[in-house]
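Q: I have a model on my screen and would love a close look at one part of it. Could you walk me through it and then place it in the whole chain?

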Amino acid sequence: MAHTLTGVVTSTKRDKTITVSIASRETHPLYRKQYTKTRKYTAHDEKNAARVGDRVEIAACKPISKTKAYTLVKVVEKARGTVELKEDVNTVIEEKKVGADEIAREKAAKEAAEASEGEDE
């Protein structure tokens with residue numbers, strides 16, 4: 001059985017190649033302090049099935065190129081993706097930060113100014 005590793009895809013910029021980061025917790029032998037060690041592996045993804053953020057399983061194989069010696073076995077868990085807010089939601093968030101009362105006063109003042117300009121003409 002080939003050596004298998006499980007990690008998170010950090011890059012899919014190259015065709016049929018993914019970069020997988022594998023984090024492990026280790027303890028320093030002298031100071032007994034725990035730290036995280038991250039290793040990066042490049043793996044062959046024949047069908048371009050993996051996306052950034054996916055948890056994948058890779059297995060060792062004969063070297064495919066100078067840097068690739070692993071292949072994608074399966075996508076264990078798909079990434080949930082990122083959420084982009086629409087402009088309407090951003091304005092609501094800003095209103096909550098500034099305060100609804102101040103914004104209402106500014107709107108009323110603008111409407112009053114526009115109304116007085118309409119009467120002058």
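Is Y70 buried or exposed, and what is its relative accessible area?

A: Happy to help, and please keep in mind that this is a predicted model. Y70 is buried: its relative accessible area is 15%, and the cut-off for that label is under 20%. The structure holds 1 aromatic pair. In that pair, Y70 meets Y41 edge-to-face, with 5.1 Å from centre to centre and 65 degrees between the planes. Y70 sits in strand β5 (residues 68-77) and Y41 in strand β3 (residues 34-44), so the pair ties together parts that are 29 residues apart in sequence. Y41 has a relative accessible area of 21% and is therefore partly exposed.

Now for the surroundings. Strands β3 and β5 both belong to a closed barrel of 5 strands, which runs β1-β2-β3-β5-β4 with mixed pairing. From one strand to the next, the twist averages 50 degrees. Elsewhere in this barrel, β1 (residues 4-11) pairs with β2 (residues 17-27) in the antiparallel sense over 3 bridges, and V9 stands opposite V20 in β2.

Stepping back to the chain, its secondary structure comes to 2 helices and 5 strands, in the order β-β-β-β-β-α-α along the sequence. Of its 121 residues, 19% count as buried. Among contacts with a separation of 6 or more, 45% come from residues 24 or more positions apart. The chain exposes about 9,800 Å², and carbon and sulfur atoms supply 51% of that area.

How values were computed:
Residues numbered from 1 in each chain as written. Predicted model: local features only at pLDDT ≥ 70, side-chain atom pairs only at ≥ 80, totals over all residues. Heavy atoms only, no water. Pairing = 2+ DSSP bridges. Helix = DSSP H or I, 4+ residues; strand = E, 2+ residues; numbered from the N terminus. Axes fitted to C-alpha atoms, helices over the stretch in contact; angles between N-to-C directions. Buried < 20%, exposed > 50% of the residue type's maximum accessible area, 1.4 Å probe, protein only. Contact = heavy atoms within 4.5 Å. Areas by Shrake-Rupley, 256 points an atom, 1.4 Å probe, with all protein chains shown as cover. Phe/Tyr/Trp six-rings, centres within 6.5 Å; stacked < 30°, edge-to-face > 60°.
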